[in-house]
Amino acid sequence: MQFVRVSWKILVGLKDLLVLLFMLLFFATIFALLNSSPNPAMVRDGALLLKLDGVVSEQPAEIDTLTTLTSSAASVGEMRQRDIVRALKLAETDDRVKAVVVDMDRFMGGGQASLAAIGSSLDGVKKAGKPVYAFATAYTDDSYQLAAHATQIWMDPLGGAMLTGPGGSQPYFKGLLDRLGVKANIYRVGTYKSAVEPFMRSDQSEASKAAIKGVYDEIWGQWKAAVAKARPQAQLEQMLTDPAGAVEGAQGNLAQLALSSKLVDTLGDRVAFGKFVASKVGADDKKTTGGFANTPMDAFLAHYGPASAGKQIGVITIAGTIVDGEGGPGSAAGDTVSGLIYDALDNKDLKALVVRVDSPGGSVMASEKIRLAIEAAKAKKIPVIVSMANLAASGGYWISLPADVIFADPSTITGSIGIFGVIPSAEVGLAKIGVNADGVKTTPLSGEPDVLNGFSPEFDRVAQSAIENGYRQFLNRVAAARKKTPAQVDGIAQGRVWAGGTARRLGLVDRTGGMNDAFAEAAKRAGLKPDGWHAEYIEPPVSFTETLLQGLMPKRAQATAPMDIFAHAAWQQNLFAQRVARDLNMLTGVKGVQAACLECGDFASPAPVSTDKSWLAILIKALS
C-alpha cells in the first residue's frame with residue numbers, strides 16, 4: 001500500500017510538472033509573438049529592410065504545430081512573393097523610405113519567374129529616385145538575379161559568387177528496383193512524359209533530354225539577358241564558360257574575382273555595410289555598431305494593412321502539388337481549393353477572379369475538381385484570368401483551362417500535357433526470399449492488381465486503356481479551351497514541357513506578363529476603373545496556434561541557413577536528397593491517375609526543408 005501511495009504521488013507530480021511545462025511554453029510563445037509581431041508604430045524614416053531569410057514562395061506552407069514545437073530542426077522560413085512586391089510598390093511613394101536594403105545573407109532562392117517580378121519591383125523603386133542596396137556573403141543564380149537590380153551590391157570579403165545555371169544529374173532507380181525485385185508497372189501516354197522514366201530506365205531518354213535541354217536553354221538565356229539588362233557592367237562570360245580558369249586566375253579569391261568582374265561594387269563585412277547604409281539613411285535609435293535606421297517589411301506592411309477600397313477582384317493561389325482531399329497552404333488540395341472558390345462565389349461580391357498557379361500538377365481527380373470550381377465562376381459571368389508563376393504544368397495547366405486569358409512569365413514552365421499511373425509489384429523480390437503465390441480466380445481481374453504474382457495482361461490492358469482515355473479527355477479539354485483540334489494539341493502535347501515564351505507562340509498561353517498584367521486585364525473585363533478595385537485573397541483562415549508559431553519561425557530559420565558558397569552547395573545536396581525521397585515515395589505514396597511533371601522540380605522554388613540532417617542521412621532513410 002505504501003508503494004502504491006508513493007507511485008501515485010510520483011504520477012501526480014509528473015502531471016503537475018507537465019502542466020507547468022506546458023504553461024511555460026504557452027506564455028513563452030505569447031511573449032515571443034508579441035515581441036516579433038509587426039508594430040505599425042515602428043515605421044520610421046530610413047530604409048525599408050527586406051531581410052530575405054529562407055525561400056520566396058507563392059504560398060508559404062502550413063506550419064506543422066507538433067513538429068515545430070518538438071523538433072530540434074530549424075525550419076526554413078518562407079516569404080510570400082506578393083508581400084515583397086507590395087512592400088516595394090508602397091515604398092516608391094512613402095517619403096519615410098529613403099532607400100531599400102535587400103539582405104540576402106541567408107537567402108535560399110525562389111523560382112525564376114517569382115524573382116523576375118521582385119526584380120521588376122526593385123527597378124520601380126530606383127525609378128522613383130530611391131537607391132537599392134544589396135548585401136550577401138555569397139551570391140548564387142537566384143540571389144544574383146535580384147542583386148543585379150541593386151544600385152550598389154556589397155559582398156563579404158570571405159564570400160564569392162557561384163553561378164551555375166540550370167541542369168545537372170537526375171536520379172534513376174531502375175537498377176535499385178531490379179536488385180530489390182520490385183517492378184514498377186507503368187501506364188502512360190506521351191513520348192515526352194518522362195515523369196515515370198526514373199522507374200523504368202537507368203538513364204534519361206533522348207526524347208526527354210531534347211525537351212528539357214530546350215527549356216533549359218530558353219530560361220537560362222532569359223536569366224542572362226535579364227541580368228545583363230539590369231547590370232550591364234557585369235562581366236559574366238568567363239565565369240559561366242570557364243569558371244575554374246576564372247577562379248584559378250584570381251588565385252582562388254572568389255570575392256576579388258566577383259569585384260574585378262564587376263559583379264559586385266564593394267567588398268565589406270556586415271558592419272561596414274551597415275555603416276555605409278547609415279551614412280545614407282541615418283543611424284538607428286540605439287546607435288548600434290553597423291546599425292542603420294530601418295523598417296522591417298512586416299512592420300511596413302502592417303502599417304498599411306490590407307487594401308480594401310473599391311470592388312473586389314478575387315485571387316485564389318494554387319501552389320504546390322495538387323492532391324486529393326483537404327490540406328493547408330502550400331499543397332493544393334482539391335477539396336480545400338474548390339471549396340474556397342465555391343464559398344467565395346456564394347458569399348463574396350467578386351467582380352473578377354484571378355487564379356495564380358504555381359504547381360507541377362498532381363492528381364487528375366483533384367485537378368478536375370478545381371477546374372470545375374473555376375468554371376463555376378465563369379458560369380456566373382465573372383471574368384477569369386490565370387497568372388502562371390514558375391510552374392503551371394500537367395495538372396497545373398489542366399486547372400488553367402477555364403481562363404478567359406492566360407498570362408505566363410517568359411520563364412514559366414508549362415505544358416506537360418499527359419497523364420500516367422504507376423503501381424509497384426514485388427513478385428521477383430518475394431520469390432527471392434521464398435514467397436510464392438497461387439490462387440483461384442472467378443474473373444480475369446480477380447485479385448488484381450496482384451502485387452504477389454505480378455499483374456495479369458488483362459489488368460495491364462485495362463489500365464493502359466484507361467490512361468489513354470484520360471489523355472484523350474485532357475486533349476479535348478485543351479482543344480476546347482484553346483480553340484484547337486485535338487490533333488493540333490496532340491502535336492504539342494505528348495507530355496512535353498515548354499517555357500512561357502514558346503508556350504505563347506504555340507498558343508498554350510495568351511500573353512506574357514505577371515500579376516499586375518493579370519489584375520489590369522481582370523479590371524478591364526469587369527469594367528472597373530484602375531483605382532476602383534482591390535485584391536480579395538481567397539485563403540483558409542490562419543489558426544491561432546499557427547499565428548503564434550509564425551512569430552517564432554523567422555528566428556529559428558536563421559540558425560542554420562547557408563551563407564558562404566560551400567554552405568549553399570551543401571544545401572543543394574539536401575534538396576537533391578529530398579527529391580530522391582519524394583521520387584521513391586511515388587511508387588507507394590501516390591494514389592490515382594496523375595497529371596504531374598516530376599521533371600519540373602528544377603524550376604520550382606527550393607523546398608523549405610529542415611537543415612539539421614545531412615544529405616547522406618536523408619538518402620539512407622529514403623532507401624531504408
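This dialogue reads several features of a predicted model, from the whole chain down to single residues.

Reader: Before turning to details, how many helices and strands does the chain hold?

Author: The chain has 24 helices and 23 strands. Of its 624 residues, 49% count as buried.

Reader: Among contacts between residues at least 6 apart in sequence, what percentage join residues at least 24 apart?

Author: For this chain the figure is 78%. One pair illustrates such separation: V277 and V101 stand 176 residues apart in sequence, with their C-alpha atoms 8.2 Å apart in space.

Reader: V277 belongs to which element, and how should one read that element's length?

Author: V277 is in helix α12. The span from the first C-alpha to the last can be set against the value expected at 1.5 Å a residue; for α12, residues 270-281, the 12 residues reach 16 Å, close to the expected 16 Å.

Reader: Which residues of α12 are buried?

Author: The general idea comes from helix geometry. An α-helix has 3.6 residues a turn, so residues three or four places apart point the same way. In α12, the buried residues are F273, G274, F276, V277, A278 and V281.

Reader: Against which strands do the buried residues of α12 pack?

Author: They pack against β1 (46-51), β4 (97-103), β6 (132-140) and β7 (152-162). V277 can serve as an example: leaving aside neighbours within four places in sequence, V277 is in contact with V101, Y133, G282 and F292.

Reader: Why does V277 count as buried?

Author: The class rests on relative accessible area, and buried means under 20%. V277 is buried because its relative accessible area is 0%.

Reader: What is found at the two ends of α12?

Author: At the N-terminal end, D269 acts as the cap, with a side-chain oxygen 3.2 Å from the backbone nitrogen of V271. After the helix comes G282, whose phi is positive, near 105 degrees.

Reader: Which residues other than glycine have a positive phi?

Author: K262 and K483 are two examples, the former with a phi of about 60 degrees and the latter also with about 60 degrees. K262 lies in the loop between α11 (254-260) and β9 (266-267), while K483 is found in the loop between α18 and α19 (486-492).

Reader: Are K262 and K483 buried or exposed?

Author: Exposed means over 50% relative accessible area, and partly exposed lies between that and the buried class. K262 is therefore partly exposed, at 42%, whereas K483 is exposed, at 75%.

Reader: Where does a cis peptide bond occur, and how is it read from omega?

Author: A cis bond joins E448 and P449, with omega about -5 degrees. P449 lies in the loop between α17 (427-432) and α18 (457-482).

Reader: Turning to internal space, how many cavities of 30 Å³ or more are counted?

Author: The count comes to 1 cavity. About 100 Å³ of space lies in the largest cavity.

Reader: Which residues and elements line the largest cavity?

Author: Its lining has 16 residues, of which Q59, T317, P329, V337 and L340 lie nearest the centre. The elements giving two or more residues to this lining are β11 (311-319), β13 (332-333) and α14 (334-347). β11 gives the most, with 4 residues.

Reader: How does the lining of the largest cavity divide by residue character?

Author: The lining comprises 10 nonpolar residues, 6 polar and no charged.

Methods
Residues numbered from 1 in each chain as written. Predicted model: local features only at pLDDT ≥ 70, side-chain atom pairs only at ≥ 80, totals over all residues. Heavy atoms only, no water. 1 Å grid on protein atoms, 1.4 Å probe; cavity = no way out; pocket = protein on both sides within 12 Å on 5 of 7 lines; lining within 4 Å. Points joined across faces, edges and corners; volume = space filled by probe spheres on them. Nonpolar A, V, L, I, M, F, W, Y, C, P; charged D, E, K, R; others polar. Expected span 1.5 Å × (residues − 1). Buried < 20%, exposed > 50% of the residue type's maximum accessible area, 1.4 Å probe, protein only. Contact = heavy atoms within 4.5 Å. Polar contact = N/O pair within 3.5 Å; in protein donor to acceptor, adjacent residues only side chain to side chain.
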